[in-house]
Amino acid sequence: MTTPAPDQTTDALRPVREELLRAAHADAEALLARTEREAAALLDQARAEARAILDEARGQGESDGADAARDLLVRARREARSRTLAARRESYDELRRKAAERVRELRGTDGFASLRERLEHRARVLLGAGAEVSEHADGGVVARMPGRRVDLSLTALADRALDRMGAEVRSLWEP
């Protein structure tokens with residue numbers, strides 16, 4: 001057998017080589033096209049996941065924000081209610097103080113001796129004739145019997161009068 005010349009071998013293999021090159025190019029182009037499609041699909045999937053995550057985060061943020069706003073509103077209402085009640089308490093205490101001042105002014109009037117006698121009489125009616133009756137520092141009287149006590153001081157009488165007024169007094173500071 002004779003060995004073909006190198007140019008003859010190259011020429012004889014040229015169609016095979018060209019076919020192999022063409023097949024390699026076709027495979028490379030197919031691989032590249034498939035890779036581009038897969039990359040595009042992965043990008044689309046990643047974008048969709050990112051949108052879903054953002055939508056979920058936005059929804060969670062809105063929910064958290066609504067919860068925080070509701071909590072803030074509840075705290076604000078409680079604070080407003082607390083301040084309203086404190087202002088009412090302050091107004092009521094001031095009313096009690098002014099009422100006590102005004103009734104204590106009765107001590108300086110001409111009719112106070114008669115009022116004191118009526119209070120002492122009332123104390124004895126409530127506790128009995130043997131009750132020990134003494135003058136209260138604010139005016140009026142305090143009576144005692146063993147196990148019992150009656151406060152008919154001017155301040156206590158003014159406080160009880162305000163207590164009996166109940167809702168009428170509240171109407172002074174309610175709209």
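In the predicted model, E135 contacts F112, R116, G140 and V141 when neighbours within four places in sequence are left aside. E135 is found in strand 1, which spans residues 132-135. With a relative accessibility of 45%, this residue counts as partly exposed. The side chain of E135 makes a polar contact of 2.9 Å with the side chain of R116. E135 can also be placed relative to L152: the two residues are 17 positions apart in sequence, and their C-alpha atoms are 9.4 Å apart in space.

The partner of E135 in this polar contact, R116, lies in helix 2, which covers residues 112-127. In contrast to the partly exposed E135, R116 counts as buried, because its relative accessibility of 19% falls under the 20% limit for that class. Beyond residues up to four places away in sequence, R116 touches S134, E135 and V141. E135 and V141 are thus linked to R116 by contact, and V141 is also among the residues in contact with E135.

V141 belongs in turn to the largest nonpolar core of the model, a set of 12 residues. Its members are F112, L115, L119, A123, L127, A131, V133, V141, A143, V150, L152 and L154. Helix 2, strand 2 (140-145) and strand 3 (148-153) each supply at least two residues of this core. The largest share, five residues, comes from helix 2. In soluble globular proteins, nonpolar side chains tend to be buried together. V133, a member of the core, is in contact with E120, A123, R124, V141, V142 and A143, its neighbours within four places in sequence being set aside. Among these contacts of V133, A123, V141 and A143 are themselves listed in the core. F112 and V141, both core members, also appear among the contacts of E135.

A search of the whole structure identifies 16 salt bridges. One of the pairs described here connects different helices: the side chains of D159 and R96 meet at an N to O distance of 3.1 Å. D159 lies in helix 3 (residues 154-165) and R96 in helix 1, so this pair ties together parts that are 63 residues apart in sequence. D159 counts as partly exposed at 23% relative accessibility, whereas R96 counts as buried at 16%. A network also arises from salt bridges that share partners, joining E94, R97, K98 and E101.

The position of R96 is within helix 1, which runs over residues 6-104. Apart from neighbours within four places in sequence, R96 is in contact with D159, L162 and D163. D159 is therefore both a contact of R96 and its salt-bridge partner, and the classification of R96 as buried rests on its relative accessibility of 16%, under the 20% limit.

Two further salt bridges are formed within helix 1. D93 pairs with R89, with the closest N and O atoms 3.0 Å apart. Being four residues apart in helix 1, D93 and R89 are separated by about one helical turn. Both residues of this pair are partly exposed, D93 at 37% relative accessibility and R89 with a relative accessible area of 47%. In the other pair, the side chains of D44 and R47 form a salt bridge with an N to O distance of 3.7 Å. D44 and R47 are three residues apart in helix 1, and about one helical turn therefore separates them. The relative accessible area of D44 is 48%, which places this residue in the partly exposed class; R47 is likewise partly exposed, at 48%.

Helix 1 also bears a nonpolar feature. L13, V16 and L20 form a nonpolar patch on the surface, with about 290 Å² of accessible area together. Within this patch, L20 is assigned to helix 1. L20 is exposed because its relative accessible area of 57% is over the 50% limit for that class.

Definitions and conventions
Residues are numbered from 1 along each chain as its sequence is written. This is a predicted model: local features need pLDDT of at least 70, side-chain atom pairs count only at pLDDT 80 or more; totals for chains, interfaces and linings use all residues. Side-chain values use heavy atoms; hydrogens and water are left out. Buried means under 20% relative accessible area, exposed over 50%, partly exposed in between (1.4 Å probe, protein chains only). Contact means heavy atoms within 4.5 Å. A polar contact is a pair of N or O atoms within 3.5 Å; within protein, one must be able to donate a hydrogen and the other to accept it, and residues adjacent in sequence count only if both atoms are side-chain atoms. A nonpolar core is a set of buried Ala, Val, Leu, Ile, Met, Phe, Trp, Tyr and Cys residues joined through side-chain atoms within 4.5 Å. Patches are made of residues with over 30% relative accessible area and no salt bridge: like charges are joined within 9 Å, nonpolar side chains (Val, Leu, Ile, Met, Phe, Trp, Tyr) within 5 Å. Accessible areas come from the Shrake-Rupley method with a 1.4 Å probe; for residues, only the protein chains shown count as cover. A salt bridge is a side-chain nitrogen of Lys or Arg within 4 Å of a carboxyl oxygen of Asp or Glu.
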